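Welcome! Take a moment to look over the chain below, and then let us walk through it together.

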Amino acid sequence: MHEPAQMISTVDYHTAGEPFRIVVGGVRPPRGATMLDKRDDAMARLDEVRALLTHEPRGHADMYGCFVTEPVDDGADLGLVFFHRDGFSTACGHGSIAAAVWASTTGYAAPRPDGTLVLDVPSGRVTCTVGERDGHGHPSVRFVNVPSYTVARDVELSTTHGRTRADVAYGGAFYAMVEAAGLGLEVTPEHLPQLVRLSAQIKAGILARHALADPGDPRIGGLYGVIFHDRLTSGPGHVEERNVTVFANGQVDRSPCGSGTCARLAVLAARGELEMAGEFVNRSIIDTVFTGRLTAATTAHGHPAVVPEVEGTAYPTGHHTLLLHPGDPLPRGFFLPTGTAP
């Protein structure tokens with residue numbers, strides 16, 4: 001008797017253009033006493049599945065997704081362990097939005113009477129408010145993230161495009177932020193290959209100067225992404241920018257990056273460029289939008305911090321049953337570097 005093919009069921013979404021693949025069947029969910037333990041379990045036990053779902057021929061170089069788990073937080077409705085082409089992340093804002101849309105529209109987890117749906121993710125609790133944005137009844141999502149804070153400002157770096165300065169902040173993961181104009185570039189598709197290559201230089205320069213780790217658990221550590229930004233407009237209570245986030249090993253976020261928007265809000269607050277209740281319109285490299293706000297001031301691990309809120313929505317793109325035939329010579333799929341690789 002021939003061995004049957006492995007079958008994995010997913011529901012796919014895009015949030016402001018960035019893909020998100022939710023695994024709904026065919027895989028035993030990650031296990032552990034905490035969400036970071038569940039992430040560890042996924043790294044040890046489900047890495048082959050992650051690669052199968054994100055690499056070609058079933059995925060692509062910029063695929064993102066999650067495994068759905070039972071929450072550890074007693075106040076949460078569901079747990080998520082995030083993955084991408086190169087591994088497993090601790091936070092994912094665009095994925096949180098997509099998961100909230102999926103859970104609320106399919107009935108997997110019904111929002112509370114006040115519209116909130118609470119996610120348990122490796123970086124902590126993410127509280128989503130599910131509302132309606134358009135005449136088709138499609139929900140918008142506002143998520144309140146973990147406290148976000150600035151680690152360092154104006155870190156001087158050398159690159160092949162000259163010297164620049166970076167701010168470093170935490171929004172569920174650590175990000176470095178660089179003004180594209182200071183490198184003689186703009187956040188445009190035409191300049192993307194250069195920005196991706198520069199991201200590797202900036203990442204190496206930051207890590208040479210700062211050991212980035214969450215004091216609560218060093219498994220939340222390292223520099224996850226580099227955000228290049230262009231200032232579009234600013235005024236009292238309002239900042240608008242265009243950004244692109246390059247994360248992992250040269251992966252490009254098509255959306256404005258949810259957790260990156262939270263980190264950016266922390267920097268704008270630290271610089272006095274955005275006050276409480278001010279609005280941050282964050283445009284992506286493809287001109288999709290997340291809207292961010294500062295909801296409260298707090299502290300986190302001795303740092304002045306903010307509680308950020310980000311709004312966006314996600315749309316379904318497909319239901320899939322993906323197969324791995326036992327004789328397939330490419331069980332992990334494959335990845336071919338492109339001209340935008342660092």
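## A glycine to begin with

Gly225 touches Phe174, Tyr175, Ala176, Val246 and Phe247, not counting residues up to four places away in sequence; here, contact means heavy atoms within 4.5 Å. This is a predicted model, in which local features need pLDDT of at least 70 and side-chain atom pairs count only at pLDDT 80 or more, while totals for chains, interfaces and linings use all residues. Residues are numbered from 1 along each chain as its sequence is written, and side-chain values use heavy atoms, with hydrogens and water left out.

Gly225 sits in strand S14 (residues 223–235). Helices (H or I, at least four residues) and strands (E, at least two) are DSSP runs, numbered from the N terminus. Is Gly225 buried or exposed? With a relative accessible area of 2%, Gly225 is buried. The word buried means under 20% relative accessible area, exposed means over 50%, and partly exposed is in between (1.4 Å probe, protein chains only). Gly225 and Ala200 are 25 residues apart in sequence, and their C-alpha atoms are 9.5 Å apart in space.

## The whole chain

The chain holds five helices and 20 strands. Its C-alpha trace spans about 65 × 50 × 40 Å along the principal axes. The radius of gyration is 19 Å, which agrees with the value near 20 Å that a compact globule of 342 residues would have. That radius is taken over C-alpha atoms, and the globule rule is 2.2 Å times the number of residues to the power 0.38.

Of the 342 residues, 55% count as buried. The accessible surface comes to about 13,700 Å², and 52% of it belongs to carbon and sulfur atoms; such areas come from the Shrake-Rupley method with a 1.4 Å probe, and for residues only the protein chains shown count as cover. Among contacts between residues at least 6 apart in sequence, 63% join residues at least 24 apart.

## Two nonpolar cores

A nonpolar core is a set of buried Ala, Val, Leu, Ile, Met, Phe, Trp, Tyr and Cys residues joined through side-chain atoms within 4.5 Å. Which residues touch the most other members of the largest core? Among its 42 residues, they are Tyr13, Phe20, Leu78, Leu80, Phe82, Trp102 and Tyr175. Helix H3 (residues 93–106) gives the largest share of this core, seven residues. A second, separate core has 33 residues, including Leu192, Leu212, Phe228 and Ala305.

Tyr175 is worth a closer look. Leaving aside neighbours within four places in sequence, its contacts include Asp167, Leu223, Gly225, Thr245, Cys257 and Ala263.

## Two covered helices

In helix H1 (residues 35–45), the buried residues are Met35, Leu36, Lys38, Arg39, Asp41 and Ala42. Their cover includes helix H2 (47–54), S3, strand S4 (78–84) and strand S13 (217–221).

H2 is mostly covered, with six of its eight residues buried. These are Val49, Arg50, Ala51, Leu52, Leu53 and Thr54. Among the elements that cover them are strand S1 (6–15), strand S2 (18–25) and strand S20 (314–324).

## Two buried strand residues

Thr69 and Ile220 are two more residues to find in the model. The table lists where each one sits and how accessible it is.

| Residue | Strand | Relative accessibility |
|---|---|---|
| Thr69 | S3 (residues 64–69) | 2%, buried |
| Ile220 | S13 | 5%, buried |

Not counting neighbours within four places in sequence, Thr69 is in contact with residues including Pro29, Met35, Lys38, Leu78 and Leu80. With neighbours within four places again left aside, Ile220 is in contact with Leu36, Thr90, Pro122 and Phe174, among others. Ile220 and Pro122 are 98 residues apart in sequence but 8.3 Å apart in space, C-alpha to C-alpha.

## Backbone details in the loops

The peptide bond from Glu56 to Pro57 is cis, with omega near 10°. Pro57 lies in the loop between H2 and S3.

Which loop holds Ala248? Ala248 is found between strand S15 (238–247) and strand S16 (251–253). Its phi is near 50°, a positive value in a residue other than glycine. His301, also not a glycine, has a positive phi of about 55°. His301 lies in the loop between strand S18 (289–300) and strand S19 (303–312). At a relative accessible area of 45%, His301 is partly exposed.
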